[in-house]
Every structure is written in C-alpha cells, then in structure tokens.
Amino acid sequence: MGKLTVSNDMAVAKESKSKDIIEFDVSNVKSKPWGRRREDRFNEKFKNKQRNKTSSKYPIDKVKTNTKSKKEKKRRYEIPEEVLKKYSKGEEVNLKKVHTKIHRTKIEQRERNVKFATEFAAKTEVLLTEETGFLEADDGETTTQFTQGAIADSVDITSAAKQFELKLEFGPYRSRYTRNGRHLVIGGKKGHVAAFDWVTKKLHCEINVMESVHDVSFLHLETMFAVAQKDWVYFYDHQGIELHCVKRLNKVTRMEFLPYHFLLATCSDEGYLSWLDVSIGQLASQYNTNLGRLSIMTQNPWNACLCLGHAKGIVSMWSPNARDPLAKMLCHKAPITAVSVDPTGMYMSTAASNRELKIWDIRKLEGPLQEYKLVSAPSNLAFSQKKMLAVGHGNIVEVYRECCTSTAKRPYLRHRFNNPIGNFNFCPFEDVLGVATNRGFTSLLIPGSGEPNIDSLEVNPFQSKAQRREAEVKALLDKIQPELITLDPAVIAEVDVPTMRDKIEAKKNLLFLKAPKIEYNPRNKAKGKGGSVKMARNKKILQEQAIREFSKSTKDLLPNKPNEGKKKKQAYNVLDRFLPKKKS
Amino acid sequence: MSDESDYHYDEEIDADNHEKIVENIISLNKIKRLKKPARTEPTSRISEFDLVKSSKSGDVEVDKLSKALGNKRKLSQIRQKLESTKKKSYTLPKPLEKPQSERIKRAVAYERNRLLLDRWEPFVTSNRAQAHLKFPLGEVETLSMQAKEAVKMTERWTVKSELEKELNTLDAVETEEYIIEDENESEFPLTLEELKEKRKEAAKLRAHQSFKEAKARRQNKIKSKKYHRILRKEKIKQKLKEFEELQKTDPELALKKLEEIEKARALERFNLRHKGTGQWAKNKQVRAKYDKESRQVLAEQLKISRDLTQEAKRVELDSDDEVTESNTSTANLNAVNINNPWLSKAQSSKEMVDFVSGYRKFWMEKNANDLAISSEAQAEEQSQTLIEPIKVDENKDVELERNNQGKRTINKTKINPKKVVKVNQFSEENKSVQVEKDTKVTKRKTTGQEQQKKKLMKSVTNLSNSSGEWNIDELFEKAEHTILKKIKSKTVQNPNKTKQTSKKLGNKKSVEEKDTPKKNVTLDMPTQKKRIVIDEELQETLINQSETGTNSNMESLKNILASKTTPQKDHSVNIDPSNFMTVKTPTQLGSTVPDLVEDDLPDEESYRNLVMEAFEDDDVVTDFQKEKQEEIDKEKPQDIDLNLPGWGSWAGTGIDPKKARKRKRFIVKMPKTLPRRDDNKGSLIINEKAASKVKQHQVTELPFPFKSVKDYEASIRAPIGNTFVPHTAFRRFIRPAVETKMGTIIEPVSDSILMSKKRG
C-alpha cells in the first residue's frame with residue numbers, strides 16, 4: 001500500500017489586516033501652476049530637449065540604472081500566470097473611449113484598484129497552505145483495491161473517526177449536510193428524522209414524525225431543517241421542535257435549498273415546482289410544470305437554477321420567474337435517473353436508465369464532454385468540491401476522479417454496501433462521502449475529495465455561536481432577490497441593448513415629430529354671424545394652440561435638456577418651517 | 001455847392017455816426033458773448049449755463065507772447081527755448097470716450113483676473129480627478145518661511161537716511177529666510193501661566209514705550225528757550241563729565257567718544273547755526289547800522305561759532321591726531337567722504353551744498369545792500385545755481401546712454417520717456433538727447449518714473465561731488481536695471497494700458513487686433529457644448545426599421561422612453577458543429593455490477609422506470625426536435641393577413657385562381673427575427689422570454705463618461721464586496737471620496753497651496 005493522506009482542515013484567514021498606505025500621485029502637479037498651456041507646452045518641450053541632451057551625454061549612466069531596476073524587479077514575487085488568470089476580472093475599460101480627462105483619470109484609478117485586488121487575491125494563494133489528500137497506489141496496485149477499512153487504518157485518528165456507520169432500521173434513508181459540512185440530517189422513509197453534528201457525533205435531535213419522509217434539507221443554518229413528509233413540508237429546529245408546517249408545499253418529493261436567495265425549492269409528486277422564501281416565509285413562486293411526477297432534482301450552485309431530470313431524457317432548468325423552463329437539454333435517449341451539478345457550476349453529470357453517464361458543460365449548455373457506459377443504470381450521482389464524481393447503482397458506490405475534462409477508465413474508489421443506496425452527498429471541506437442506505441448511514445473516507453482550504457468568511461465549519469449569528473445577519477443582508485435567477489448570473493452587469501437602442505431611436509424620432517393636425521368642425525353658425533374668413537381664423541388659432549401644447553409636452557422628453565438635474569435648491573429661509581411639508 | 005456842402009456835411013456827420021450804427025447793427029446780428037463764469041463763493045458745482053464760449057481769438061498763444069521778447073540778444077536764449085518746446089511739444093490726444101475707456105479697463109481687469117484664476121486650474125482639476133480627498137488639505141508639511149526675527153528687530157530701531165533706503169531697495173539684499181519647522185506637536189507650546197507672563201511683559205514694554213513717547217512729546221512742545229538752553233548745557237556738562245571719567249577709566253572708549261564729539265562738531269560747523277543766516281540774524285543786521293546792541297548780539301553769535309571751531313582745533317591738537325592740517329572745512333569734508341562714502345554724508349553733503357550756496361547768498365545780499373544790483377540779474381544767477389548740479393548729472397546720464405547704446409537698445413525706449421519730461425524742463429541739452437516721439441507711457445507712470453529719477457539724481461549729485469567716476473557708473477547701471485525691471489513688470493501686467501494713449505481712437509481697434517496674436521496668453525472661447533452622442537460605438541445594423549417607422553405617434557415614443565425594457569433580445573450567432581447531437585462512442589467504465597437484488601417489492605417509481613427502460617424510445621430525438629420547432633414558431637411574429645374574407649374570391653367558371661397573387665399585397669410581413677441562442681444547438685431549447693424579469697433591473701441607458709456599451713460593462717465588471725475581494729482591496733474600493741478630520745476647522749484654500757509642491 002502506498003502513501004495516503006487526508007487533508008486536515010485548518011481555518012486560514014485569507015485577509016491580512018495590514019494598514020492601507022495609499023500614495024497619491026502628485027507627479028502631474030505642475031511646478032509652475034500659473035501661466036497658460038502654450039507656455040507649459042514650451043516648458044515641456046524644453047525639458048525634453050534637455051533630457052535628450054543629457055541622455056546623449058551620459059548614455060552609460062542610463063543603462064546602469066536600467067539594469068539595476070530590472071534586478072530589483074526580478075527579486076519581487078512573481079505571481080504565476082494561471083493563478084492570475086483565475087482571479088482575473090476580465091478586460092479593462094478602454095480609456096480612449098471615455099469622455100473627459102477627469103473621468104479618465106478616475107476610471108484609471110479604479111482600474112488600478114481592480115488590478116491590485118486581483119493581484120492581491122492571487123498573492124494570498126500563498127496562504128492556502130493546506131493540500132488536498134490523495135491516494136497513491138504502488139506498482140501493480142490500483143486505488144480501487146483499497147477498502148475503507150484499509151484507509152481508516154492508515155490515516156490519523158481524527159480522520160479515522162470520520163469514518164463511521166450508523167445502523168438504523170427506518171430506511172430507506174436520505175441525508176443532507178449543512179453548507180459548512182459540520183452537521184448532518186437524516187430522514188428515514190418510515191418517519192425517523194435525526195440531526196446531529198457528525199464530527200463530534202453530538203445529536204441535536206432525533207424524532208419520529210409518524211409520517212413517511214421523502215426528503216430532508218437543512219436551511220441556511222444548522223438550527224433549522226425542512227422535512228418533506230407525506231403531505232406537507234415541515235420545518236423543525238435543531239431541538240426537533242416543529243416550527244412550521246407549510247401546507248402549500250404539497251406532496252414534495254425532493255427539496256433543494258438555495259442559500260444565497262434563501263429559497264427552499266421543492267418539486268412535487270404532482271409536477272409542481274415551488275420556491276419558498278424562508279426569510280419572509282412566502283412563496284416566491286409556484287407553478288405546475290405539466291411534466292408529471294418530478295423526482296429528480298438538483299440545483300446549479302452557479303446560477304441557482306433547478307435542474308430536473310425527465311423520463312424523456314431531457315434535463316430542464318427552471319427559475320421562479322418563468323413558467324416555462326429556461327432551457328431544455330436532450331441528454332439521453334432514455335429516462336434520466338440522476339442529475340448532479342458540480343459546486344462550481346461548470347459541469348453537469350447525467351445518468352440514464354440505458355446505463356449511460358454523460359458529463360456536460362453547463363455554462364455553455366453544451367456537450368457531452370464525456371460519455372460513459374456503465375454496467376448498470378446509476379441511481380445516484382454526486383459531485384465533490386474537487387470534482388470527484390460518486391456514482392451509485394444498486395448497493396455499490398463508485399467514485400471517479402478526473403472524469404470531466406479527461407476520460408476516466410476505472411473508478412478511484414469503490415464501496416459495496418449490504419443494502420441498496422438511498423442517496424449520498426460529499427461532505428464539504430472534508431474528504432468524506434456520506435451515504436444513506438436502506439439500513440442506515442455510512443460515512444466513507446474519500447481522500448482528496450474535499451476542499452482543504454476554507455474561506456471562513458464564506459462558510460466556516462468551526463464557527464462559534466456568535467459567528468453563526470453574525471453570518472446569518474450578513475447573509476440576510478446579502479440576500480439575492482429571486483428575480484435575478486437566470487441562466488447567466490452576470491446578466492445584471494450587462495446593458496439591455498435592445499431597449500437602449502429603441503430608446504435612442506425614440507429620442508431621435510421625437511425631434512422629427514410633427515404636431516397633430518386638429519380637426520375643426522365648427523358649429524352651424526347663425527346666418528350673418530361670421531363667414532368663412534372667421535372660420536378659417538378660428539381654425540388657425542386652434543391649430544396654433546395645439547402646436548404650442550404639443551411642443552410643451554415634448555420639451556421634457558427631448559434629450560440634452562439643459563436644466564435637467566440641475567435644479568437649484570433655494571436657500572433655506574427661516575420662515576420655510578411654516579410651510580406645509582412636502583410629501584416624498 | 002450847397003448840395004455838395006450838404007453832402008459833405010452829411011458825410012461829416014455820418015463818419016462818426018455811421019460807424020456806430022453799423023457796429024450796433026452788426027452787434028445785433030452777432031451771437032451774444034457769454035461772460036466767463038466768475039465764482040464769488042466757493043462751490044463744488046459750477047452752473048452749466050456759465051459755459052465759456054470757446055474762441056480762438058481769446059486764447060493765449062506762445063507766439064504772441066514771444067513776440068514781446070523782441071530781438072533782444074539777452075533774451076535770445078529764452079526765445080530759443082520756447083521755439084524748441086514748440087517743436088517738440090504736441091497736443092495730447094483727446095482722452096477716449098467713456099464707454100471705450102471703460103471697455104479697455106474691463107478687458108485689462110478681465111485679463112488680470114483670468115490669469116489669477118488660471119493659476120488654480122491644475123489644482124482644481126487634480127482635486128477633481130482624485131478619488132480620495134482628505135480635509136483639511138495640505139496636511140503634509142507646514143513649513144513657514146520667516147526672516148530672522150532678531151535681525152528685523154534691530155533694524156526697526158535704526159534710522160536710515162533717504163539714500164540708504166533707496167539703496168536698499170536697489171540692492172534688494174536677499175533677506176535670510178529660515179525654514180522654521182513646525183515642531184510644536186502640541187498645539188499649545190506654552191502653558192497658561194507662561195502665556196500670561198509673556199503677555200504681562202509685553203504690556204509692560206508697551207506701556208513704558210508710550211510713557212517715554214509722551215514725555216518726549218511734552219518736552220518738545222515746551223517753547224521756552226531758556227529751558228532748552230539749560231537742558232542743552234546740562235547735557236553737555238553731563239557728557240563732558242562722562243568723557244573725562246572715561247579718559248581715566250577706559251582710554252580706548254574715550255577715543256571713540258572723541259570721534260563722536262568730533263563728528264558732532266563737524267555737524268555744528270556745517271549747519272547754519274550761529275552763522276547769522278537766520279531771520280533773526282538778518283533782522284539784527286538791518287538794525288546793526290544804527291543799533292549798537294544788535295551789532296553786539298550779532299558779534300556774539302558769530303563768536304560762538306568761532307569758538308566752536310577753535311575749540312575743535314584745540315581738541316584735535318590735544319588728542320594728537322595725525323590730521324593736523326585739516327583746518328579748512330573743505331579738506332575736512334573730503335576726508336570724511338573718502339572714509340565713509342555712504343553713511344551719514346547723505347545728509348551732510350546736501351547740507352554742505354546748501355550751506356555753500358546759502359553763504360554765498362548771504363554775502364550777495366550783503367553786497368546787495370551796498371552795490372544794489374538789478375533784481376533781474378540776481379534771479380538769473382539764482383536759477384543758474386539751482387540748475388548747476390543737475391546739469392552735471394544730465395551730462396553724465398547722456399554719456400552713459402551713449403556708451404550703452406549698443407547693448408541696450410530695447411531698454412532705451414523705456415527710459416526715454418523720463419528724459420522727455422526732463423528735457424522739457426531744461427531745454428539746454430535737448431539737442432544732445434534723442435527723443436522718441438512714440439513713447440507709450442501713461443502720465444501716471446511717467447510721474448512715478450520722474451520721482452524715481454529725481455531720487456536717483458539726488459544720489460548722483462551727491463556722488464558727483466565726492467566719489468570717483470566708476471562708482472557712479474556702477475550705481476547707474478544698478479539703478480537702471482532695477483527701474484527697468486519694475487517697468488517691465490508693469491508693462492507685462494497691463495499691456496493694454498500702455499497703449500491707451502498711444503494712438504487715436506480709429507487706430508486703436510486695429511492695433512489691438514494686431515496685438516492679440518502676439519500675446520502669449522490667448523483668450524480661448526468656451527467650447528461649444530456638444531450634443532452628447534449616447535452611443536458612438538453602437539452599430540447594430542439590425543434595427544427594427546418598420547417599428548421605428550411607425551413610431552410617429554408620440555404616445556408610443558413616450559412609452560418606449562418611459563419603459564424599462566423591450567421584449568427583444570439579440571444574441572450573437574455562433575455556429576458550432578459540435579453542438580449537434582454527436583454520436584460519441586461511450587467509454588466503458590470499469591464498474592461492477594451491483595450484486596444485491598432489492599428485496600423490497602418494486603415501488604411505483606421503480607416500476608415506471610422499468611417500463612420506460614423496456615420501451616426505450618428512439619423517437620425521443622425527433623420528439624425533441626418537433627418541440628423545438630414549435631417553440632421557435634411560437635415565438636416568431638406572425639404575418640398579418642389584411643385580406644377581407646371573400647374579397648377577390650369570386651366563384652364561378654372561367655375564373656383563374658392564380659390571380660390570388662394580388663392577395664399578397666394585403667399581407668404585412670413581419671421582419672426577420674434575430675437569431676435564437678439555441679440555433680444550431682440541436683439538443684437544446686432556450687426560452688428567450690424567460691429573462692424578462694431581470695431586464696427591469698438592467699441598465700437601459702449608457703451613463704455619461706462612457707462612449708460604448710462594452711466599456712461601461714467593463715467598468716462594472718469587477719465586484720468590490722469584501723466577500724469577493726481581499727479585505728485590503730475592499731477597503732481601497734470603498735474609501736470615501738471625501739474625508740474630513742474631526743474637530744478641525746477646515747479653512748478655505750489659500751493660494752499658498754499653489755506654491756507647495758506636495759499636496760495631500
């Protein structure tokens with residue numbers, strides 16, 4: 001047996017709290033601020049000339065200084081290109097296409113800040129000292145050979161403690177970890193629900209809900225979890241006290257919690273999709289998909305869309321904003337049995353009943369990147385943080401490594417259970433796969449599956465009570481509205497070009513708009529009271545009036561209105577306090 | 001005969017009367033003469049009705065006056081002078097009319113203020129461009145330049161002669177300035193007690209000073225001669241006592257004191273005290289012929305002066321000085337001058353001149369009593385004496401001018417105006433001096449220069465008597481240089497002013513126009529405000545023409561402008577053959593077969609799956625394609641058929657159904673829609689309408705500084721939240737634009753900040 005390590009988790013503070021020292025650019029301040037441009041230009045010219053002179057006189061000195069600076073530069077830490085690319089925010093603003101010098105300098109400063117931020121972030125990678133765990137097989141061995149027992153024997157005691165088995169009798173079970181990977185909730189079909197800190201094995205609660213349990217899910221914190229029971233969805237706190245019973249979520253089969261939107265997304269037996277905003281306790285959206293029973297659902301963490309698997313081999317993506325799916329992908333020619341999206345939202349794996357397994361590029365909605373044929377149809381799929389894919393079929397769980405970009409040949413690890421598998425999830429920030437089976441729950445060690453470096457400001461497995469509270473408040477403040485759930489989450493930072501173009505067109509057309517011609521129908525006049533002349537005059541008057549009104553009404557709409565936004569505020573008069581207050 | 005006689009008679013009578021009558025008649029016809037206004041009382045206003053009629057005949061002309069001089073030889077000089085002035089003088093141009101002069105004034109004022117304001121431009125722009133400003137500004141370093149206090153203090157108490165002051169201004173000795181760093185970290189360098197003490201002391205000093213001043217004033221006011229005499233005597237006694245004591249104790253200091261006394265004696269000799277030149281002495285002289293007493297008193301007075309000089313000699317002899325032969329006043333004077341060319345002889349030399357002339361005058365007057373010379377001659381002589389010193393100066397000036405002609409041609413023009421004035425005064429040397437006629441200096445300035453010149457002249461006259469030639473030259477050069485500088489600076493400051501009087505009104509404008517390009521500072525007009533082009537980059541060709549064409553209705557335009565979104569959306573066409581459902585050969589994974597057969601009965605779900613698996617549908621793909629097509633068709637805008645039902649569809653034999661082509665006219669074709677996102681992606685359907693809710697939050701107008709959508713999007717591409725960027729960068733992003741230091745008074749910016757190179 002070869003080397004084996006399991007990554008230890010360490011909270012790494014990414015931020016160094018050094019004091020900012022910001023230097024101001026005073027280089028462009030004129031030494032002689034008076035005078036006019038011409039003079040300045042002259043001075044500059046003169047300077048240049050002088051410089052040229054000096055450079056021609058002493059060329060050696062210049063070379064010397066250059067070499068020196070180069071050496072100094074070389075000494076500095078160079079950030080690897082690929083790391084910089086990882087943190088890059090994209091193309092810079094083209095400064096030539098910005099009006100006014102002042103704005104240009106401002107934007108330039110901003111760009112400098114952005115550059116600083118990316119570089120700084122890239123530099124802080126140095127602080128991510130934790131390494132991922134790995135299994136290394138000797139010659140003639142394969143990693144698949146290693147059993148859980150062998151792994152547990154060769155790792156340190158804390159890691160070994162993470163491998164455990166719970167033998168329970170109310171299966172088949174379903175399980176779910178919290179986002180920070182510290183807590184676990186399991187629900188047995190026969191009504192057994194338990195929440196516990198799986199690292200310390202400290203039980204929060206264990207209850208019998210006396211109803212069939214179809215799915216369980218933690219909400220934003222470990223203190224609350226939702227249980228999809230026979231008819232309705234119930235909310236419990238970590239002590240097992242029932243907080244809510246949401247009857248509008250009827251006959252729910254699967255649940256997903258969208259942490260940034262505070263939405264609990266559910267799909268039901270009757271084909272309903274619903275999003276419940278748990279921060280305000282209201283349904284964000286609920287509608288019938290008209291696709292029959294929905295039992296395969298997962299979320300895309302990148303854009304918070306729901307991915308549903310259908311019997312026609314289609315994977316559909318849904319948001320609470322549209323009754324129709326945002327996109328439909330024909331993935332297989334057979335009914336889909338499992339869908340999983342990796343935590344970065346780059347890859348989607350689908351499995352169908354024809355024993356196919358496909359990897360898709362979910363950002364471009366393209367693929368398949370990889371196509372695999374299995375021996376039997378997988379019933380479950382799960383991606384780990386390090387893009388390991390767990391495939392469950394029957395009573396076997398197989399874990400594949402590097403199966404997205406390159407083609408995997410054989411599984412990385414395999415585990416055989418005595419019972420069929422209910423579902424499984426990789427535990428975040430741990431090298432652990434939690435498998436819920438018909439007869440209990442098993443925690444498997446999968447070296448190298450979890451992210452070793454924790455961003456404790458994002459999710460903190462070691463958070464205290466106070467930190468948890470603070471994180472909750474912050475998360476609530478940063479809550480994203482459900483309207484922003486789209487296929488491309490960056491759409492908010494884009495300009496709505498068609499609308500803008502129409503607006504411009506409308507503005508242009510406004511200039512050429514003519515006043516409407518009025519129809520003048522004079523009353524029947526009495527005999528001798530004004531002839532055609534008077535009538536014509538009246539008509540003209542009315543027409544002019546109409547033109548005036550028209551021009552008045554269009555005045556506000558025209559572009560480049562000089563006074564727009566520059567309304568002078570009248571100075572406050574002492575007697576103004578007696579004026580009636582303006583209703584804002 | 002009688003007729004003749006009658007006629008004669010008539011003629012005789014007429015000769016007198018007729019003239020009178022004619023005169024009367026003519027006078028009737030003439031415009032009445034207005035009396036010149038004669039003010040009887042001093043009033044600030046003169047009635048406008050008392051205007052004097054301008055008449056040429058009434059003017060006094062120099063020619064007429066000079067005629068009176070006749071051809072006397074004696075007066076030829078005067079006549080010549082007058083003639084020359086007539087040649088040289090010219091009538092001053094008429095002052096500009098008020099609106100025009102005002103305009104010029106305004107222009108000049110504008111220019112000056114503009115330059116003043118322009119100095120702020122870089123400061124303002126740099127502040128505007130800065131992303132971060134910290135108030136109070138310029139906190140970096142506060143260096144205060146201060147001249148050495150102690151030096152200034154002593155300077156305050158020394159009395160300087162006029163010449164010294166003048167020289168100081170010419171030399172412009174750079175005062176030593178010390179950079180005094182603000183080392184007092186604490187705002188209060190002194191404690192309260194110390195401050196109080198300091199103030200007390202200062203108050204004491206001030207009080208003491210004022211007491212002394214009051215006393216001096218009081219004593220000065222005392223008119224009693226006796227008192228003053230006593231005072232003087234007391235002082236002298238006191239001094240003598242001190243001197244004697246000093247001789248015993250400190251001989252060196254005594255020697256110095258002696259020198260001082262000598263100096264005082266010299267002064268005594270110079271001034272006209274006891275010389276019999278005062279009014280009192282003159283009166284006494286008048287009486288002296290008849291009155292013995294007055295004669296005696298006079299003699300006493302003169303004796304005093306003699307005593308003083310004799311005493312001085314005695315002292316000199318006593319002190320055994322080397323100077324033994326310096327009896328005569330002139331020799332003495334020279335010695336003093338050589339030793340100390342500048343100090344104190346400014347006054348003394350002048351007094352000497354006065355003294356000499358006064359003495360001469362005195363004797364002349366004395367002689368006048370005896371000889372009785374005509375007053376005319378005397379006046380002439382007097383004037384001559386007055387002119388004499390200045391003449392010398394004039395000559396020198398001219399000489400210097402000639403010497404430097406080659407070097408300073410430009411400077412000359414600027415000096416000349418002074419000369420003109422001078423030459424007018426003293427027309428004797430006018431031929432030697434070239435006068436440029438187109439001098440462009442205002443009167444005010446010339447007067448200023450005159451004063452300067454006078455001062456200079458004074459110094460020169462003083463010099464001319466005593467010191468060497470080289471010294472004068474040097475001095476002149478220096479003086480000229482400084483004056484030139486001053487003039488230059490003035491002319492630069494207000495170039496328009498110099499031109500003010502130069503030319504006539506008509507030429508004026510043209511001159512200004514000509515000159516404007518010469519200025520190194522141009523008046524640039526504020527650039528016309530351009531209409532903002534909302535999007536220059538935007539060049540989408542797929543503009544919905546028909547829609548915009550129909551937008552002639554204002555309501556619809558308004559709606560568009562007010563609306564947040566339009567339903568349309570464009571996407572770039574990207575054809576990717578790989579996107580078609582490709583048939584890849586799936587890789588066989590080395591997975592094992594689950595060996596466990598589910599013991600449970602297959603539930604509903606698994607049963608369904610089983611059925612599905614059994615009837616695996618190959619039609620899945622075609623179904624999907626059909627679905628996609630439906631979706632596409634659904635979103636496509638339909639053509640509008642405007643055919644009326646039954647129109648053109650006559651039934652019957654012999655009717656050609658091909659004529660239905662006419663129907664095409666009534667079908668409004670919808671424009672081609674933009675390509676869909678999922679075009680060429682066989683296995684994908686994208687719902688284009690779904691994003692409508694996000695559009696409400698999207699930006700629909702390009703904000704100002706950006707010219708293209710791409711750049712605007714790039715400007716908001718980077719997140720700034722602390723969850724996205726490192727904390728240090730985050731703090732940098734959110735740094736407020738303006739920071740103010742708490743508890744400090746933020747003064748308005750002073751122009752000293754323009755001088756400091758470093759700014760916060």
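P172(A) sits in the loop that joins β4 (164–167) to β5 (173–177) of chain A, and the peptide bond leading into P172(A) from G171(A) is cis, with omega near -10°. The model is predicted. Chain B also holds a cis peptide bond, from F135(B) to P136(B), with omega near 0°. P136(B) belongs to the loop between β1 (133–135) and β2 (143–147) of chain B.

**Make-up of the two chains**

- Chain A contains nine helices and 32 strands, whereas chain B contains 27 helices and eight strands.
- Of the 584 residues in chain A, 39% are buried.
- Of the 760 residues in chain B, 9% are buried.
- Among contacts in chain A with a separation of 6 or more, 51% join residues 24 or more positions apart.
- For chain B, 70% of the contacts with a separation of 6 or more join residues 24 or more positions apart.

**Confidence in chain A**

- Chain A has a mean pLDDT of 84, and 85% of its residues reach 70 or more.
- Confidence within chain A is lowest in strand β2 (residues 10–12), where the mean is 36, and highest in strand β14 (residues 263–268), at 96.
- Residues 1–35 of chain A stay under 50 in pLDDT, yet the model has 76 contacts beyond four places in sequence for this stretch.
- Residues 51–68 of chain A also have pLDDT below 50, and the model gives this stretch one contact beyond near neighbours in sequence.

**Positive phi in chain A**

- A304(A), a residue other than glycine, has a positive phi near 65°.
- A304(A) is placed in the loop between β17 (297–300) and β18 (305–309) of chain A.
- A304(A) counts as buried because it has 24 C-beta neighbours inside 10 Å, and the cut-off is 20 or more.
- F429(A), likewise a residue other than glycine, has a positive phi near 65°.
- The position of F429(A) is in the loop between β29 (421–427) and β30 (432–437) of chain A.
- F429(A) has 25 other C-beta atoms within 10 Å and is therefore buried.

**An annotated repeat in chain A**

- An unreviewed UniProt entry lists residues 329–363 of chain A as "repeat: WD".
- In the model, residues 329–363 of chain A are 57% strand and 0% helix.
- The end C-alpha atoms of residues 329–363 of chain A are 12 Å apart.

**Helix spans and cover**

- Helix α8 (residues 192–221) of chain B has 30 residues, which at 1.5 Å a residue should span 44 Å.
- The end C-alpha atoms of α8(B) are 43 Å apart, so the span agrees with the expected value.
- α8(B) is hardly covered, since zero of its 30 residues are buried.
- Helix α7 (residues 465–477) of chain A has 13 residues and reaches 19 Å from its first C-alpha to its last, close to the expected 18 Å.
- α7(A) is hardly covered as well: the count of buried residues among its 13 residues is zero.

**Packing of α9(B) and α10(B)**

- Two packed helices are described by the angle between their axes and the distance between the axes.
- Helix α9 (residues 225–249) and helix α10 (residues 251–270) of chain B pack at an angle of about 145°, with axes 6 Å apart.
- On the α9(B) side, F243(B), L246(B) and Q247(B) take part in the contact.
- On the α10(B) side, P251(B), L253(B), A254(B) and K257(B) meet the residues of α9(B).
- By class, this contact of α9(B) with α10(B) comprises five nonpolar residues, one polar residue and one charged residue.

**Surroundings of Y712(B)**

- Y712(B) is part of helix α26 (residues 709–715) of chain B.
- Y712(B) counts as buried because 25 C-beta neighbours lie inside 10 Å.
- Leaving aside neighbours within four places in sequence, Y712(B) is in contact with L702(B), P703(B) and F706(B) in chain B and with V495(A) in chain A.
- L702(B) is ten residues from Y712(B) along the chain, and their C-alpha atoms are separated by 7.4 Å.

Note on methods
Residues are numbered from 1 along each chain as its sequence is written. Chains are lettered from A and ligands numbered from 1 in the order in which they are written. This is a predicted model: local features need pLDDT of at least 70, side-chain atom pairs count only at pLDDT 80 or more; totals for chains, interfaces and linings use all residues. Helices (H or I, at least four residues) and strands (E, at least two) are DSSP runs, numbered from the N terminus. A residue is buried if 20 or more other C-beta atoms lie within 10 Å of its own, exposed if 12 or fewer, and partly exposed in between; C-beta atoms are placed from the backbone. Two residues are in contact if their C-beta atoms, placed from the backbone, lie within 7 Å. UniProt positions are given in the numbering used here, feature names are shortened, and annotations may be inferred rather than shown by experiment. pLDDT is the predictor's confidence in each residue, from 0 to 100. The expected span of a helix is 1.5 Å times one less than its number of residues. Axes are lines fitted to C-alpha atoms, for helices over the stretch in contact, and angles run from 0 to 180 degrees between N-to-C directions. Ala, Val, Leu, Ile, Met, Phe, Trp, Tyr, Cys and Pro count as nonpolar, Asp, Glu, Lys and Arg as charged, and the others, Gly among them, as polar.
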